[in-house]
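Reader: I would like a close look at a single part of this chain, set out as one connected account. Please begin with the residue I name below and work outwards to its surroundings.

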Amino acid sequence: MSKDLERFKDLSLAEHFGRLYRLWRNVVDAELEPLGLTYPRWTALWKLLRLGGNISQKALANALEIELASLMRTLGQLEAQGLIERRPCTQDKRARMVVLTTAGSDLLAIIEAQIMKVRVELLAGISTDELIELERVLSIISKNVNKKLATINTSTTDLI
């Protein structure tokens with residue numbers, strides 16, 4: 001092992017990423033709890049907004065990287081809160097579209113303000129240049145992970 005790689009032997013980078021993700025999520029969850037939103041609810045709303053506010057249930061589940069069955073309960077809760085509506089798809093009657101309501105859009109403005117407030121607090125003391133470098137490095141790691149997963153998926157399908 002080269003000297004550069006040797007120093008990573010004891011560094012649990014993946015553990016740090018996982019822990020940071022959980023801590024960050026816990027802070028956001030605590031900030032959004034007074035709005036009556038759990039993690040699955042606010043992330044579904046957030047992703048729906050980012051995808052245009054009108055998308056199929058299946059596409060939303062894929063974007064959230066969860067099973068459609070797991071999303072159905074959350075969508076039912078959001079619908080009961082009046083934050084979304086589910087409508088038949090005009091192109092495919094089997095599909096259901098998830099649409100933000102006015103109340104959902106209004107709540108998302110509050111959610112976004114809270115998330116941005118948390119982001120500013122959690123990134124305090126980090127310069128813009130450091131954040132740009134962090135994004136660059138994380139992008140490289142993501143590309144490497146996806147490349148490795150593609151290799152693993154290819155090699156496992158070869159075994160079938």
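Leaving aside its neighbours within four places in sequence, which residues is Arg86 in contact with?

Author: The model is a predicted one, and what follows should be read with that in mind. Once neighbours within four places in sequence are left aside, Arg86 is in contact with Gln57, Met72, Leu75, Gly76, Glu79, Arg96, Met97 and Val98. Arg86 itself is found in strand E2, which covers residues 84–88. Arg86 counts as buried, because its relative accessibility is 17% and the cut-off for a buried residue is under 20%. One of its partners is also joined to it by a polar contact, since the side chains of Arg86 and Gln57 meet in this way at 3.3 Å.

Two residues on that list, Leu75 and Val98, lead on to Leu60, which touches both of them. Not counting residues up to four places away in sequence, Leu60 also touches Ala44, Lys47, Leu48, Leu51, Ile55 and Leu71. Leu60 belongs in turn to the largest nonpolar core, a set of 24 residues in which Trp42, Leu45, Leu60, Ile84 and Ile111 have the most contacts. Two or more residues are given to this core by each of helix H2 (13–32), H3, helix H4 (57–64), helix H5 (68–80), strand E3 (96–100) and H6. As a broader remark, nonpolar side chains in soluble globular proteins tend to be buried together.

The packing of the helices around H3 can be followed next. Two packed helices are described by the angle between their axes and the distance between the axes. For H3 and H5, the axes come within 10 Å and cross at roughly 85 degrees, which means that H3 is roughly perpendicular to H5. On the H3 side this contact is made by Pro40, Arg41, Ala44 and Leu45, and on the H5 side by Leu71, Thr74, Gln77 and Leu78. By class, the residues of the contact of H3 with H5 comprise five nonpolar, two polar and one charged.

Thr74, placed in helix H5, shows this contact from the point of view of one residue. Leaving aside neighbours within four places in sequence, Thr74 is in contact with Pro40, Arg41 and Ala44, and with a relative accessible area of 8% it is buried. Pro40, which lies in helix H3, has a relative accessible area of 40% and is therefore partly exposed. Pro40 and Ser70 are 30 residues apart in sequence, while their C-alpha atoms are 9.5 Å apart in space.

Helix H3 (residues 39–50) also packs with helix H6 (residues 102–122), at an angle of about 105 degrees and with the axes 11 Å apart, so H3 is roughly perpendicular to H6 as well. This contact draws on Trp42, Leu45, Trp46, Leu49 and Arg50 of H3 together with Leu107, Leu108, Ile111, Glu112 and Ile115 of H6. The residues of the contact of H3 with H6 divide into eight nonpolar and two charged, with no polar residue among them. Three of the names here, Trp42, Leu45 and Ile111, have already appeared among the core residues with the most contacts.

The start of H3 can also be related to helix H2, where Arg25 is found. Arg25 and Tyr39 lie 14 residues apart in sequence and 8.0 Å apart in space, C-alpha to C-alpha, and Arg25 is partly exposed, with a relative accessible area of 30%.

Two loop residues complete the surroundings. Glu65 is found in the loop between H4 and H5, where it has a positive phi of about 60 degrees although it is not a glycine. Most residues other than glycine have a negative phi, and most peptide bonds are trans. Glu65 is exposed, with a relative accessible area of 73%. Gln91 lies in the loop between E2 and E3 and is likewise exposed, at a relative accessible area of 71%; its side chain is joined to that of Thr90 by a polar contact of 3.3 Å.

Set against the whole chain, these details belong to a fold of seven helices and three strands, which follow the pattern α-α-α-β-α-α-β-β-α-α along the sequence. Of its 160 residues, 23% count as buried. Among the contacts in the chain with a separation of 6 or more, 49% are made by residues 24 or more positions apart.

Note on methods: Residues are numbered from 1 along each chain as its sequence is written. This is a predicted model: local features need pLDDT of at least 70, side-chain atom pairs count only at pLDDT 80 or more; totals for chains, interfaces and linings use all residues. Side-chain values use heavy atoms; hydrogens and water are left out. Axes are lines fitted to C-alpha atoms, for helices over the stretch in contact, and angles run from 0 to 180 degrees between N-to-C directions. Helices (H or I, at least four residues) and strands (E, at least two) are DSSP runs, numbered from the N terminus. Angles under 35 degrees count as roughly parallel, over 145 as roughly antiparallel, 65 to 115 as roughly perpendicular and the rest as oblique. Contact means heavy atoms within 4.5 Å. Ala, Val, Leu, Ile, Met, Phe, Trp, Tyr, Cys and Pro count as nonpolar, Asp, Glu, Lys and Arg as charged, and the others, Gly among them, as polar. A nonpolar core is a set of buried Ala, Val, Leu, Ile, Met, Phe, Trp, Tyr and Cys residues joined through side-chain atoms within 4.5 Å. Buried means under 20% relative accessible area, exposed over 50%, partly exposed in between (1.4 Å probe, protein chains only). A polar contact is a pair of N or O atoms within 3.5 Å; within protein, one must be able to donate a hydrogen and the other to accept it, and residues adjacent in sequence count only if both atoms are side-chain atoms.
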